[in-house]
Amino acid sequence: MSDNDIHLSDNDIHRVLADAPTRTDHRSQVPAIDTAYHLDGGLTRTERSRPEPGPHQVLIRVRAASVNRRDLMLMDGTYPLPATPGIVPLSDGVGEVIALGSGVTGARIGDRITASYFVHWVDGPQTLATAAEQYGANFDGFLATYALIEEDSIVHVPAHLTDAEAATLSCAGLVAWSALTTPAPLAPGARVLTVGSGAVALYAIQFAKILGAEVISITSSQEKTDRLRALGADAVIDRTVTTDWGDAVMEMTGTGAEHIVDAVGLPTLEQSVRAGAYNSTVTMIGAMTPAPGTTRPDNLFGSSYLSIRRIAVGSRTNFEAMNRAITEHRLRPVIDREFDFDDAVEAYDYLRSGASFGKVVIAVG
């Protein structure tokens, strides 16, 4: 399935901006004080003047944001890119455009938008320079009542999604989409193995199914087995019961899985390799730290013939392709729990607890 295979309705999320009516600046209709959380070892909350957009920037009134594992790593100092002291955290959020800087053509007042994970990665191969610019790490993110978004990273969100759902796309959604569609789209009928039951794995199941794949899911909780099946997984294996689940996948399928999306990391990598079909691909998701006490296996590849890659979310163009698919298939992200803005610290703690099944969202405005 290619991007050209997706046919959109007249309600396509990508409107022809040139034909949209000019609307008034909304800044006079909203408070001039911005309440924001800042990352300084923990979360601190302050009030400041509402930011103003510079050239090729837009100002949004944030409606919702969501927390990812990378946000916990940034707080803990274990993420590969150190957080700028005092940065406003969270790469994922959604809001309404209320002001435009000079030269902006990619959005209009009143548009509902989010931002791509990497501030200036629009398309093509990623560079170290574009990888080093991230919202919530060294560009202020979404855990505030207002956010400045660079024009290069403006992404219009699917109209059928709620604010809470639209606030979950930039990191977990896009990395799962990229794992299954880059460098080549997933072929219908392919077999996909997802490892983990966090937000990335849940997105990967949903995307794999709309792309026509068979899905086998690995979880570490018997309680989540039925929920993964309900989401679309054709088979689920509890790795706490079946420790040699790589061999179990091979026995179940006869040939293994062509695409493995491993959202856990080094603790599960050896079994992911064992589950791979001939010439399959294992995709490791994002920045990971080894679990305490784990070491790299001496015989990592064994007799398997496959490639292993690590990917870094995706470009704005990847994001737009994902949103077209979400719109066509009316896909809805899985939300576990929504916290009030005043309870942002509790939202972090809840994600850290490992109890969530789906995205942890913070309602902002």
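This short talk walks through the overall make-up of one predicted chain, then its cores, two helix pairs and a handful of individual residues.

Before the details, a word on conventions. The model is predicted, so local features need pLDDT of at least 70 and side-chain atom pairs count only at pLDDT 80 or more, whereas totals for chains, interfaces and linings use all residues. Residues are numbered from 1 along each chain as its sequence is written, and side-chain values use heavy atoms, with hydrogens and water left out.

Let me start with the chain as a whole. There are ten helices and 15 strands, where helices (H or I, at least four residues) and strands (E, at least two) are DSSP runs numbered from the N terminus. Of the 365 residues, 54% count as buried, and by buried I mean under 20% relative accessible area, with exposed meaning over 50% and partly exposed in between, using a 1.4 Å probe and protein chains only. If we take the contacts in the chain with a separation of 6 or more, residues 24 or more positions apart account for 72% of them, a contact being heavy atoms within 4.5 Å.

Now to the interior. In soluble globular proteins, nonpolar side chains tend to be buried together. A nonpolar core here is a set of buried Ala, Val, Leu, Ile, Met, Phe, Trp, Tyr and Cys residues joined through side-chain atoms within 4.5 Å. Which members of the largest nonpolar core touch the most other members? They are V58, I60, F142, L143, I149 and F207, out of 95 residues in that core. Apart from this largest core lies another, of 16 residues, among them L193, I216, A235 and I260. Going back to I60, and setting aside residues up to four places away in sequence, its contacts include V94, V97, I98 and I113, together with F142, Y146 and I149.

Next, the helix pairs. The axes of α1 (residues 69-76) and α10 (residues 344-353) come within 10 Å and cross at roughly 105 degrees, these axes being lines fitted to C-alpha atoms, for helices over the stretch in contact, with angles running from 0 to 180 degrees between N-to-C directions. That crossing makes α1 roughly perpendicular to α10, since angles under 35 degrees count as roughly parallel, over 145 as roughly antiparallel, 65 to 115 as roughly perpendicular and the rest as oblique. On the α1 side, R69, D71, L72, M75 and D76 meet Y348, L351 and R352 of α10. These contact residues divide into four nonpolar, no polar and four charged, where Ala, Val, Leu, Ile, Met, Phe, Trp, Tyr, Cys and Pro count as nonpolar, Asp, Glu, Lys and Arg as charged, and the others, Gly among them, as polar.

The second pair is α7 (residues 245-253) with α8 (residues 266-274), whose axes come within 7 Å and cross at roughly 20 degrees. That makes α7 roughly parallel to α8. W245, G246, D247 and M250 of α7 meet T268, Q271, S272 and R274 of α8, and the residues of this contact divide into two nonpolar, four polar and two charged.

Turning to strand β1 (residues 33-40), T35 is placed there, and I33 is found in β1 as well. Is T35 buried or exposed? T35 is buried, because its relative accessible area is 12%, while I33, at 45% relative accessibility, counts as partly exposed. Leaving aside neighbours within four places in sequence, T35 touches R45, T46, E47, A144, T145 and F341, and I33 is in contact with E47, R48, R50, T145 and Y146. The C-alpha atoms of I33 and R48, 15 residues apart along the chain, are separated by 5.8 Å.

In strand β12 (residues 276-285) we find S280, which is buried, with a relative accessible area of 2%. S280 and E258 are 22 residues apart in sequence and 4.4 Å apart in space, C-alpha to C-alpha.

Finally, some backbone details in the loops. Where is the cis peptide bond? It runs from T182 to P183, with omega near 0 degrees, and P183 is found in the loop between α4 (169-181) and β8 (191-195). H56, in the loop between β2 (42-49) and β3 (57-67), has a positive phi of about 60 degrees although it is not a glycine, and H56 counts as partly exposed at 39% relative accessibility. R330, in the loop between α9 (316-329) and β14 (335-340), likewise is a residue other than glycine with a positive phi, near 55 degrees, and R330 is exposed, with a relative accessible area of 52%.
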